[in-house]
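Please look over the sequence and the model below, and then follow the description from one loop outward to the whole chain.

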Amino acid sequence: MYFTGIIIAICTFLTIGIWHPIVIKTEYYWGTKPWIIYLLVGVASIIAALFIENTMISAIVGVFGASALWGIGELFEQKKRVERGWFPKNPKRHGLLAILLFGALTTSVAQELQVKININTQQVGTSDKSVFENLQQTLEQWMNERQWTDLQFQQNERIVVSFNLTVTKYDKANNRIQTTAMIQANRPVWNSSYTTILYNNKDANFDFDFAQFDQLNYNDEQIDNQLTALMAYYAYLIIGLNLDSFSPLGGTDVLQRCMQLTNNAQDLGFSGWKAFETSRNRFAIINDYLDEAMKPFRQLQYDYYRKGLDEMAQNAERGRTNVTEALQLLKKAHEEKPLSLLPQIWTDYKRDELANIYKGKGTAKEKEAVYDLLFNINASQSNAWNKIKE
């Protein structure tokens, strides 16, 4: 039997696979300018193949050269993908340095989240803080070292998340810890130093069991631990929201995993997982977010962040206009499902940002329309909305 053809086929497959991330990294760090390097590498490889006597090596070198030439077209296609929001745009793109072209591939791939845990024990007044110190360290290490999806995040792309836990009751004998949690996730605005809030909400039933030096394990298919279920829920929810902000409905798969987790956590015996408990519990949040009637709200994530805030760094007028148009999706979602609290929660943590976007800017007509829209959705934030008119 002759294996030359199979070996060449395998090498061709691997070569194409290698060039795909090279193209993505090249566009991210240097744009389309390095196309000339691709051309030189491709032509040089093909010419070299003509002078290599060994058939197999000659074929492999030729395939490498052809892939480099193919990469030129892919480089410009990647630019279009970035413009459509399918891939992140690098806010600090470096100049063209040919020697670093392939070195970019070695940039360390990180987990999706960068989590900080803060625990306040003043209400329980315990003198022994060691269990809570161990809880903080365990959660931070577990969340920051775990890979939640197959997506590749660079270190500077990790989603910054904070969990601020206030302990309201501690049953040391049964290792039961009752807390309320404020969870916040931030998203960088491209081409600026500004960071915007992606998610902020209070979980009033963030209760779980934890003994000092417990080891955390998690499996999507077997939800048997409240603490890991809580952390996994917010990991999936926040990653899904982040993906939605870069691509229309881009977080669907991850959000569905969050919904599946919620369904599988029904029998854990803790509040927050079941339907109809409250309109603001964990079930309500993810169920509403995936509801067909709330699709405008999910589209809002992309239009507001990607087309609005990201654009404002380069063109404030156009970005603000896009934000105004995006808010119509918020209105539509509220009209489609008026009992959902998602629009109210969103405007709660967006109030200051929205006020700053319009304060002293835009036409009187635009400001009045935005004020009316936001006031009708969340009248409790009227002080912030009044600043829009200034």
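In this predicted model, the loop that connects α5 to α6 (252-264) contains L249, a residue whose phi is positive, at about 60°, although it is not a glycine. Most residues other than glycine have a negative phi. As for its surroundings, L249 has a relative accessibility of 27%, and because buried means under 20% and exposed over 50%, it counts as partly exposed.

A second residue with a positive phi is N191, which is likewise not a glycine and has a phi of about 65°. N191 is placed in the loop between β5 (176-188) and β6 (195-203), and its relative accessibility of 27% means that N191, too, counts as partly exposed.

Returning to α5, which covers residues 226-246, one may ask how its span agrees with the value expected at 1.5 Å a residue. The 21 residues of α5 should span 30 Å, and the C-alpha atoms at its two ends are 31 Å apart, which agrees with that expectation. At the start of this helix, a side-chain oxygen of N225 comes to within 3.0 Å of the backbone nitrogen of L227. Of the 21 residues of α5, 21 are buried, so the helix is largely enclosed by the rest of the structure.

One of the elements related to α5 by packing is helix α4, since the buried residues of α4 pack against α5 as well as against β2 (113-120), β4 (159-171), β5 and β7 (208-209). Helix α4 has 16 residues, 130-145, and reaches 22 Å from its first C-alpha to its last, close to the 22 Å expected at 1.5 Å a residue. The buried residues in α4 include V131, F132, L135, L139, W142 and M143, and also N134, T138, E140 and N144.

Turning to the protein as a whole, there are 12 helices and seven strands, and the C-alpha atoms fill a box of roughly 80 × 60 × 35 Å along the principal axes. Of the 390 residues, 47% are buried, while 70% of the contacts between residues at least 6 apart in sequence join residues that are at least 24 apart. The accessible surface comes to about 19,400 Å², and carbon and sulfur atoms account for 54% of this area. Finally, the protein carries 39 positive and 41 negative side chains, with the centres of the two sets lying 6 Å apart.

Terms used. Residues are numbered from 1 along each chain as its sequence is written. Side-chain values use heavy atoms; hydrogens and water are left out. Helices (H or I, at least four residues) and strands (E, at least two) are DSSP runs, numbered from the N terminus. Buried means under 20% relative accessible area, exposed over 50%, partly exposed in between (1.4 Å probe, protein chains only). Contact means heavy atoms within 4.5 Å. Accessible areas come from the Shrake-Rupley method with a 1.4 Å probe; for residues, only the protein chains shown count as cover. Lys and Arg count as positive and Asp and Glu as negative; His and the chain ends are not counted. The place of a charge is taken as NZ of Lys, CZ of Arg, CG of Asp or CD of Glu. The expected span of a helix is 1.5 Å times one less than its number of residues. A polar contact is a pair of N or O atoms within 3.5 Å; within protein, one must be able to donate a hydrogen and the other to accept it, and residues adjacent in sequence count only if both atoms are side-chain atoms.
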